[in-house]
Amino acid sequence: MKKQAIVHIALVVRDYDEAIEFYTQKLNFELLEDTYQPAQDKRWVVVAPLGSRETSILLARASNEEQERFIGNQAGGRVFLFLNTDDFWRDYNEMVAEGVEFVRPPKEADYGMVAVFKDLYGNLWDLVQFVEGHPIVSRVNL
């Protein structure tokens, strides 16, 4: 049986260190790798939610003007990434306490509890806790 997985999602950032600080301090992600690549004069920086190993975020510093234009708007103003949680209110309250800006307040939907927040550059994220029985719940081990 064929098995594939999305391993990294590249997120264009302005600065490695400020992005690492936001994701590890405000969102409580783990820094999985931070390796300098001298041949390209860049860093390979990977973060992920605590305990998450299947999919992670590659923090990719913009290297030219065209890439810089997409910092904070990688999805054209739509929600770009979805952070699944096993305890919505715990994570929501921690993020609010850390100063994370929520642009849509928590609401209960048929698929679960959700609120929309911005990362440090303005990319939109859903913080979501899916209801039991939702198809994603059986695929994600939280």
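## Close-ups of a predicted model

**View 1. Aromatic pairs across the predicted model.** Searching the whole structure, which is a predicted model, turns up 11 aromatic pairs. Take Tyr23 and Trp125: their ring centres sit 6.0 Å apart with the planes at 45°, so this pair counts as tilted. Tyr23 belongs to helix α1 (residues 16–26) and Trp125 to strand β8 (residues 124–130), so to speak two distant parts of the chain, 102 residues apart, linked by one pair.

**View 2. The two partners, Tyr23 and Trp125, and their cover.** Tyr23 is buried, its relative accessible area being 0%. Trp125 is buried too, at 2%. Across the chain, buried residues come to 35% of the 142.

**View 3. The aromatic cluster around the pair.** Tyr23 and Trp125 are both members of one aromatic cluster. Joining them there are Phe22, Phe29, Phe88, Trp89, Tyr92, Phe102 and Phe117.

**View 4. Helices and strands along the chain.** Here we have four helices and eight strands, running in sequence as β-α-β-β-β-α-β-α-β-β-β-α. With a radius of gyration of 16 Å, close to the 14 Å from the globule rule for 142 residues, the chain is as compact as a globular protein of that length. Of the contacts with a separation of 6 or more, 51% come from residues 24 or more positions apart.

**View 5. The surface and its charges.** About 9,000 Å² of the chain is exposed, and carbon and sulfur atoms supply 48% of that. The chain carries 15 positive and 23 negative charges, and the mean positions of the two sets lie 6 Å apart.

Definitions and conventions: Residues are numbered from 1 along each chain as its sequence is written. This is a predicted model: local features need pLDDT of at least 70, side-chain atom pairs count only at pLDDT 80 or more; totals for chains, interfaces and linings use all residues. Side-chain values use heavy atoms; hydrogens and water are left out. The radius of gyration is taken over C-alpha atoms; the globule rule is 2.2 Å times the number of residues to the power 0.38. Buried means under 20% relative accessible area, exposed over 50%, partly exposed in between (1.4 Å probe, protein chains only). Contact means heavy atoms within 4.5 Å. Accessible areas come from the Shrake-Rupley method with a 1.4 Å probe; for residues, only the protein chains shown count as cover. Lys and Arg count as positive and Asp and Glu as negative; His and the chain ends are not counted. The place of a charge is taken as NZ of Lys, CZ of Arg, CG of Asp or CD of Glu. Rings of Phe, Tyr and Trp (its six-membered ring) pair if their centres lie within 6.5 Å; planes under 30 degrees apart count as stacked, over 60 as edge-to-face and the rest as tilted.
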